[in-house]
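Take a look at the model below. This report covers one lysine and the disulfides.

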Amino acid sequence: MAASSSFSTIIVGFFFVLFLLGLADAQLSSTFYDTSCPRALSTIRSAVNSAVSAENRMGASLLRLHFHDCFVNGCDASVLLDDTASFTGEKTAGPNAGSIRGDVVIDTIKSQVEDICPGVVSCADILALAARDSVVVLGGPSWTVELGRRDSTTASLSDANSNLPGFTFDLPALISSFSDKGFNAQEMVALSGAHTIGQARCTTFRDRIYNEANINASYATSLQSNCPSSGSDDNLSPLDPTSPVIFDNAYFSNLVENKGLLHSDQQLFNGGSTDSQVTTYSTDSATFLDDFASAMVKMSNLDPLTGSSGEIRTNCRAIN
């Protein structure tokens, strides 16, 4: 009887150790590649710096790519998968079609990383690091990126259509969309500050500049010269006209002056519950930058695939 009890104790202990090892394997870590690919982070940073130096807008595109990845079933690089004859990815979803970009830069980075560490660094981790490095190179804050994500073997067009907040959203819809991912209203406002960089197509703000009342009149007129009431859908205007290629708090100062480019932008300062947060960020750059960095850490940890889940894609556009 004693021998049987001892054997049971050993078996339970053995499986408990396996459980702990599984947990350890499934956790993200900022040092994940220190041994397996020590040059990964510097290689990615250098490639991002080169891409953003060549085209400032690319910094915003890489940041948006990471956001559009994480908000659809977690940070798993599903957004990068191309359509095939038998597979439909997320690139043709409404919020992505005609506007998602930066994947060519990710291809370049992946190729460089594969040259030094074949089959080690995931596309999902590259997206997370590229987003951080893009913000830094444009003058924004840095943050520690936890690593060890793995890549999905599937994607969801329907989830991309339903999970990503839209430029036509009113404040309650924005708050609800971010709440569904675990973010409170303050974090939603902080993350919206990503619109301090980047550009938007005429088709996304035409209705606002011709039909909405809560817009600075001279600002609307200046936008109309590049965005006629019909046609020229792909003409671009900066989301932050004050400092469009610098990651700062000017986006919020613009909102206070009714100079939000998108309908969803101005909803953050339109007599609602987030007005005070926008006002704070418009006058306190340090608080915004700190809050943005914290919210990005939280976002980049949304439902990652770890351990033996998913795969490490060789080509970020296709499943192995």
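Leaving aside its neighbours within four places in sequence, which residues is Lys181 in contact with? They are Phe71, Asn163 and Leu302. The model is predicted. Lys181 sits in the loop between helix 7 (171–179) and helix 8 (185–192). Lys181 is buried, yet it has no salt bridge. Asp303 offers the nearest side chain of opposite charge, 6.1 Å away. A salt bridge needs a distance within 4 Å, so Asp303 does not form one with Lys181.

Now the disulfides. The structure has four. Counting bonded cysteines along the chain, the pattern is 1-4, 2-3, 5-8, 6-7. Three of the links are set out here.

| Disulfide | S to S distance | Torsion about the S-S bond | Hand |
|---|---|---|---|
| Cys70 and Cys75 | 2.0 Å | 120 degrees | right-handed |
| Cys123 and Cys316 | 2.1 Å | -95 degrees | left-handed |
| Cys202 and Cys227 | 1.9 Å | about 75 degrees | right-handed |

Take the link of Cys123 and Cys316. This pair links distant parts of the chain, 193 residues apart. Cys123 is in helix 5 (residues 123–137), while Cys316 is in the segment after helix 14 (285–300). Both cysteines are buried.

Cys202 and Cys227 also form a disulfide. This pair, too, links distant parts of the chain, 25 residues apart. Cys202 belongs to helix 9 (residues 202–211). Cys227 lies in the loop between helix 10 (217–224) and strand 2 (236–238). Cys202 has a relative accessible area of 0%, so it is buried. Cys227 is buried as well, at 0%.

That leaves the link of Cys70 and Cys75. Cys70 counts as buried because its relative accessibility is 2%. Cys75 counts as buried at 0%.

Methods:
Residues are numbered from 1 along each chain as its sequence is written. This is a predicted model: local features need pLDDT of at least 70, side-chain atom pairs count only at pLDDT 80 or more; totals for chains, interfaces and linings use all residues. Side-chain values use heavy atoms; hydrogens and water are left out. Helices (H or I, at least four residues) and strands (E, at least two) are DSSP runs, numbered from the N terminus. Buried means under 20% relative accessible area, exposed over 50%, partly exposed in between (1.4 Å probe, protein chains only). Lys and Arg count as positive and Asp and Glu as negative; His and the chain ends are not counted. Contact means heavy atoms within 4.5 Å. A disulfide is a pair of cysteine sulfur atoms within 2.5 Å.
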